[in-house]
Amino acid sequence: MAHVCIHWFRKGLRLHDNAALMAALKDCKELYPVFILDPYLHHTQVGINRQRFLIGALKDLDCSLGKLNSRLFVLKGKPEDVFPKLFNMWNVTKLTYEYDTEPYSLRRDEKVASLAKEHGVDVIYKISHTLYNIERIIEENNGKPPLTYKRLQAIVQNLGPPKKPIPAPTLENMRDVKTPHSEKYEDKYRIPTLEELQLDSKFLGEELFPGGEQEALRRLDEHMKRTGWVCSFEKPQTSPNSLSPSTTVLSPYVTFGCLSARTFWWRLTEVYRGRKHSDPPVSLHGQLLWREFFYTCSVGIPNFNKMNQNPVCTQVDWDTNQRNLAAWREARTGFPFIDAIMTQLRQEGWIHHLARHAVACFLTRGDLWISWEEGQKVFEDLLLDGDWALNAGNWQWLSASAFFHQFFRVYSPIAFGKKTDKNGDYIKKYLPLLKKFPSQYIYEPWKAPRSVQQAAGCIVGKDYPNPIVQHEQISKKNIQRMKEAYAKRSSDNNESPIKKQGITGIYISAGLYLLHLNSQLQ
């Protein structure tokens, strides 16, 4: 039987290493590559940089499909509403897609698969967003998620290396496959503009990280040519406030699936072969395994993106302070290092992993005592590489709610940035209002004499805010509050069946703390 097939693009916005797309082409006479702008995932609150990246990725994908005499069909709406209409209109007999482990995605896919069955449509999905089958990792760990990085390493070592990526389809693969074209399709299923998504593009800055598979592969090639840098890469040694990224910035491309994680893995393997190189957890292979670790935790731990009813998460009496939350989100804390980072995030959609550490600690246990769930929401919207599993895992880590338990180690919003940027060039770039301050005051402008502030053209308290808190005092108070939350957790766990199941083992040794560094391949 020759099928009429929809291949449903979601995260895997690429042609290379796309097993589900290749499954679509098998015994296929008509192919409809579809992308659905789901209001749950692509709502208007999502940051404009992230939306621009997505549109760029879709345009690139449409262009690549065009070279195969096909095209991308973009629709808006809930998938469970959209698909029954498409099944009927195009007489579809097969639906393919890449497997997605997020809770919303699993519920969505279950609904769509049920509707497909009602319409006599075969459903095929393939695993290619992660290095391994996450369920297999859990199965190998006696049905529980491995709660330490070392344990994950041991499991995947037994499983062997990830599968090798498969090539992109060619014109030969498409020889007997047609994608129907008509003039009415051109406008009806085209990729929308930012304005059509109700986003104002006139304030957008330069697009430093254009979306799309071709850009992802170009950047990968560029980095892999730097063999010495790749082999010696150790993530803790990179700088949070360099004026240009000190890491690969391939994370957005992996998040959207413009770059296959397996392709990245095997390209690194080629570079490493026969050369001395760094090892996990600090190497680039190590960063891909951190990603796998948090994906596995997100599948195996209930309510992973919440504090309540999350069995590995310390229950903390976070404050609800909308004024302080807004000041953090809008770069008005009065701490230039923190505000510069949040400004870069809003302007560019990307910040270094150590910069993420600094602002996450500041929002939560370090200074403002606001729940990590609030920070998680902001990052999810503004980061180009905002990934549900990694975002939730890292916020729990940095708030010392799970995974990391040395809550008394607090990032200073002043001293930390000075380590790698004494002159404050990073602050001057993202907070030009402060650029005339002498370097001795750039991290603490409120300490500058009035005459210095006047000479700099910026009066603290008028042109730039005073510090929102007194760091030295509040951080000590918050350490005590965290100590109390931990004591309560220990007390609760004494009676808890969770302890018997080994969940408390998730509090990994402190030695890994500085090695972890966000696991998002930035």
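Q: What does the protein average in pLDDT, and what share of the residues score at least 70?
A: This is a predicted model, so confidence is a good place to start. The protein averages a pLDDT of 93, and 94% of the residues score at least 70.

Q: Where does pLDDT stay under 50?
A: Start with the general idea: where pLDDT is low, the predicted coordinates should not be read in detail. Here, that applies to residues 495–522, where pLDDT stays under 50. The model still has 99 contacts for residues 495–522 beyond four places in sequence.

Q: Which domains does the domain assignment give?
A: Domain 1 covers 1–128, domain 2 is made of 130–170 + 213–300, and domain 3 spans 322–496, according to the domain assignment. For domain 1 and domain 2, the C-alpha centres are 25 Å apart. Between these two, 23 residues of domain 1 are in contact with 26 residues of domain 2.

Q: On to strands. Which residues of β1 lie on one side and which on the other?
A: In a regular strand the side chains alternate between the two faces of the sheet. In β1, His3, Cys5, His7 and Phe9 sit on one side, while Val4, Ile6 and Trp8 sit on the other. Both faces are covered, with all of these residues buried. Put as a count, seven of the seven residues of β1 are buried.

Q: How many bridges join β1 to β2, and how do these strands run?
A: Seven bridges link β1 (residues 3–9) to β2 (residues 28–37), and the two run parallel. As an example of the pairing, Cys5 stands opposite Leu31 in β2. To get from β1 to β2, the chain passes through helix α1 (residues 19–25), in a right-handed β-α-β crossover.

Q: How many bridges join β1 to β4?
A: Four, and β1 and β4 run parallel as well. Trp8 has Tyr97 as its bridge partner in β4, and His7 stands opposite Thr96.

Q: Is His7 buried or exposed?
A: The cut-off for buried is under 20% relative accessible area. His7 has 1% relative accessibility, so it counts as buried. Its side chain makes a polar contact with the side chain of Thr96, at 2.8 Å. Leaving out residues up to four places away in sequence, His7 touches ten others if you follow the list: Asn18, Ala20, Leu21, Ala24, Leu31, Tyr32, Pro33, Val34, Thr96 and Tyr97.

Q: Why is β4 largely enclosed by the rest of the structure?
A: Five of the five residues of β4 (residues 94–98) are buried, so the strand is largely enclosed by the rest of the structure. Lys94, Thr96 and Glu98 point one way, and Leu95 and Tyr97 the other way. Look at Lys94 and Glu98 in the model: both are among the buried residues of β4.

Q: What do β4, α4 and β5 make?
A: With helix α4 (residues 103–118) in the middle, they make a right-handed β-α-β unit. Five bridges join β4 to β5 (residues 122–126), and the strands run parallel. The partner of Lys94 in β5 is Asp122.

Q: Now a helix. How many residues of α17 are buried?
A: An α-helix has 3.6 residues a turn, so residues three or four places apart point the same way. In α17 (residues 388–398), eleven of the eleven residues are buried, so this helix is largely enclosed by the rest of the structure. The buried residues include Trp388, Trp395 and Trp397, along with Asn391, Asn394 and Gln396.

Q: Which residue caps the N-terminal end of α17, and what follows the helix?
A: Asp387 is the cap, with a side-chain oxygen 3.1 Å from the backbone nitrogen of Ala389. After α17 comes Ala400, whose phi is positive, near 60 degrees.

Conventions
Residues numbered from 1 in each chain as written. Predicted model: local features only at pLDDT ≥ 70, side-chain atom pairs only at ≥ 80, totals over all residues. Heavy atoms only, no water. Buried < 20%, exposed > 50% of the residue type's maximum accessible area, 1.4 Å probe, protein only. Polar contact = N/O pair within 3.5 Å; in protein donor to acceptor, adjacent residues only side chain to side chain. Pairing = 2+ DSSP bridges. Right-handed = clockwise from strand over helix to strand, strands pointing away. pLDDT = per-residue confidence, 0-100. Contact = heavy atoms within 4.5 Å. Domains from an automatic or database assignment.
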